[in-house]
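Biologist: Could you take a close look at one part of this model for me? I'd like to hear what sits around it, in plain bench language.

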Amino acid sequence: MSQAPVDDSPTTLEAVENCGRTIKLDQADPGIYVVRHIGVDDEHAARLKQFGICEGRAIRVVTTGNPMILVVQNTRVGLSRVFASSIFATKQDAVCEGQA
């Protein structure tokens, strides 16, 4: 995959940033996260969705290298840090009220 074009529309990013606990996935430590926003164009979002990575999905970060290793619906997925930086997620034990 090529570099992911970012969707930085204020309406979507503002909603996830207001939570205060939502981070870019490339900054995540190992653990379980819930995907809150995917900031890429439709073509790249469709590709990520083929791997099971979509808004509202629980994923587990296994390793934080490049590629990052994730577990998505019992399947291990390697994801480049470039794409991981376009995915906003909340650690499962810190899910914001009203966003669960």
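Modeller: Thr22 comes out at a relative accessible area of 15% in this predicted model, and the cut-off for buried is under 20%, so Thr22 counts as buried. Thr22 is part of strand β1, which covers residues 22–24. Now look at what it meets in space: Ala89 is 67 residues away from Thr22 in sequence, yet their C-alpha atoms are 5.3 Å apart. Right beside Ala89 in the numbering, Thr90 comes into play: the side chains of Thr22 and Thr90 make a polar contact at 3.0 Å.

Thr90 also takes us over to Arg36, since the side chains of Arg36 and Thr90 make a polar contact too, at 3.4 Å. Arg36 belongs to strand β2. Here's the curious bit: Arg36 is buried but has no salt bridge. Glu55 is the nearest side chain of opposite charge, and it's 8.5 Å away, whereas a salt bridge needs the atoms within 4 Å.

From Arg36 you can follow β2 (residues 31–38) into its neighbour: β2 runs antiparallel to strand β3 (residues 58–63), and four bridges join the two. Gly31 sits opposite Val61 of β3. Val61 also has a bridge partner in β4, namely Leu70. That strand, β4 (residues 68–72), pairs with β3 in the antiparallel sense through three bridges, and a hairpin of four residues connects β3 to β4.

Key: Residues are numbered from 1 along each chain as its sequence is written. This is a predicted model: local features need pLDDT of at least 70, side-chain atom pairs count only at pLDDT 80 or more; totals for chains, interfaces and linings use all residues. Side-chain values use heavy atoms; hydrogens and water are left out. Two strands pair if DSSP finds at least two bridges between them. Buried means under 20% relative accessible area, exposed over 50%, partly exposed in between (1.4 Å probe, protein chains only). Lys and Arg count as positive and Asp and Glu as negative; His and the chain ends are not counted. A polar contact is a pair of N or O atoms within 3.5 Å; within protein, one must be able to donate a hydrogen and the other to accept it, and residues adjacent in sequence count only if both atoms are side-chain atoms.
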